[in-house]
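Student: I am new to this structure. Please give me a close look at one pocket, and then at the parts of the chain beyond it.

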Amino acid sequence: MPAISVIVPVYQAESLLPQCVESVLSQTFSDWELLLVDDGSRDGSPALCDSYAAREPRIRVFHKPNGGVSSARNLGLEQAAGQCIAFLDADDAFEPAALETLWYLREKAGADSAGCAHFKVQANGQQQTELLLPAGIYEAAAIREKILWPLTGDRLRPPLFNGFIWRFLFDAAILRDNAITFEGAYLEDELFLMEYFSNARRLAVTDRPLYRYLENPASATHRYMPDYLQVFQRFLERKAAIVEKYGLSAARPQWRADTVWAGLLIAVGNEYAKSNPKSPREKQKAVEAICAQPEFARAIRELCPRGLGRNKQVVADLIGSGRFGTLTALYRLKNRM
């Protein structure tokens with residue numbers, strides 16, 4: 001049994017996959033296996049995965065029809081043999097000491113999980129460090145306060161706790177015993193973390209950046225999603241089930257309105273996206289219809305968001321006051337810039 005299973009979902013990643021795989025091969029910690037899950041790629045990724053597996057026995061490859069990142073990660077979880085699980089995206093990379101640092105940090109602290117800071121890398125090569133949490137040991141109560149409560153009901157005001165799964169080393173037994181898996185292609189990380197840390201007992205954190213996250217303008221978070229409302233509704237259903245199962249609402253009683261407002265702001269930005277082929281008038285009508293849907297309309301009545309970032313605050317204020325014409329004009333100006 002390897003100490004760590006690294007799971008990489010692979011889709012149309014031919015150009016960036018080599019630096020991802022090489023970052024695992026270059027680790028100072030050797031007791032790992034790498035699971036490359038080809039999610040129906042149509043480029044050279046499948047052959048590239050197979051060539052790595054042919055040269056390195058610690059690499060295993062799985063080819064499947066395209067089903068999205070969640071299905072690829074779930075297949076990796078099913079096949080993983082490691083005591084711990086790490087996730088790595090095909091367009092990102094580990095720092096050389098990432099696995100060694102996280103493994104021994106976890107061991108030394110007697111923790112079931114470990115986490116790290118990361119580098120946020122821009123397309124032009126500029127990078128900045130983003131902390132997970134201050135370095136230290138977090139017991140169950142602190143995990144709830146610092147991770148679970150923010151993920152449950154603090155989704156509007158900065159600083160937001162980002163649901164990046166690749167900042168953590170997870171205990172495979174916790175995932176297996178609680179049947180924790182992924183669903184969906186958007187916001188799936190947040191739900192995974194909520195359920196996992198509802199069952200974890202101790203987290204060790206370092207402020208060393210051990211992961212290189214490439215800001216990708218072509219990612220799902222930057223494209224127009226015609227099915228966003230259905231995706232968000234399913235996310236909300238699953239989140240509500242987790243909140244109820246683990247009793248998370250007591251600390252954040254307005255979690256639902258907060259979450260729905262966060263989803264509404266994303267829905268509005270999605271409708272006004274440059275890649276949305278609708279006309280400005282059609283976009284405005286779509287936004288008005290979204291705001292009139294019962295779940296969103298209830299959140300607008302119940303909660304007046306304050307303390308948002310400048311742009312989000314302007315959008316929230318215009319939505320709350322029903323000034324959709326002004327909202328459309330602002331987005332038209334933004335999209336021309």
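**The second largest pocket and its surroundings**

Tutor: The second largest pocket holds about 270 Å³ of space. A pocket here is an open set of 1 Å grid points that fit a 1.4 Å probe, with protein on both sides within 12 Å along at least five of seven lines; its volume is the space filled by probe spheres set on the points. The model is a predicted one, in which local features need pLDDT of at least 70 and side-chain atom pairs pLDDT 80 or more, while totals for chains, interfaces and linings use all residues. Numbering starts from 1 along each chain, and side-chain values use heavy atoms, without hydrogens or water.

The second largest pocket has a lining of 16 residues (each with an atom within 4 Å of a point), and Leu77, Glu78, Ala172, Leu175 and Arg176 are the ones nearest its centre. Two elements, α3 (69-79) and α6 (172-177), each give two or more residues to this lining. Helices are DSSP runs of H or I with at least four residues, and strands runs of E with at least two. The most comes from α6, which gives 4 residues. By type, the lining divides into 10 nonpolar, 4 polar and 2 charged residues.

Following the chain on from α6, one reaches the loop that joins α6 to α7 (188-197), and Ala179 is found there. Ala179 has a positive phi of about 50 degrees although it is not a glycine. With a relative accessible area of 60%, Ala179 is exposed (over 50%; buried is under 20%, and partly exposed lies in between, for a 1.4 Å probe and protein chains only). Gln12 also has a positive phi, near 50 degrees, and is not a glycine either. The place of Gln12 is the loop between β1 (4-10) and α1 (17-25), and its relative accessibility of 33% makes it partly exposed. Most residues other than glycine have a negative phi, and most peptide bonds are trans. The bond from Pro158 to Pro159 is cis, with omega near 0 degrees. Pro159 belongs to the loop that runs from α5 (140-153) to β9 (168-171).

Next come the cores. The largest nonpolar core has 67 residues, and Phe170, Phe197, Trp261, Ile319 and Leu327 have the most contacts inside it. Such a core joins buried Ala, Val, Leu, Ile, Met, Phe, Trp, Tyr and Cys residues through side-chain atoms within 4.5 Å. Helix α9 (residues 255-271) gives the most to this core, 9 residues. Setting aside residues up to four places away in sequence, Leu327 touches Val268, Tyr272, Val287, Val315, Leu318 and Ile319; contact means heavy atoms within 4.5 Å. Another core, of 34 residues, lies apart from this one and includes Ala3, Val8, Leu17 and Ala86.

Two buried residues complete the tour. Leu99, in helix α4 (residues 98-109), is buried, with a relative accessible area of 0%. Beyond its neighbours within four places in sequence, Leu99 is in contact with Ile4, Val6, Gln27, Phe29, Trp32, Ala86 and Phe94. Leu99 and Ile4 are 95 residues apart along the chain, yet their C-alpha atoms are separated by 8.0 Å.

Asn276 sits in the loop between α9 and α10 (280-292). Asn276 is also buried, with a relative accessible area of 3%. Outside its neighbours within four places in sequence, Asn276 is in contact with Tyr224, Asn270, Glu271 and Lys283.

Terms used. Ala, Val, Leu, Ile, Met, Phe, Trp, Tyr, Cys and Pro count as nonpolar, Asp, Glu, Lys and Arg as charged, and the others, Gly among them, as polar.
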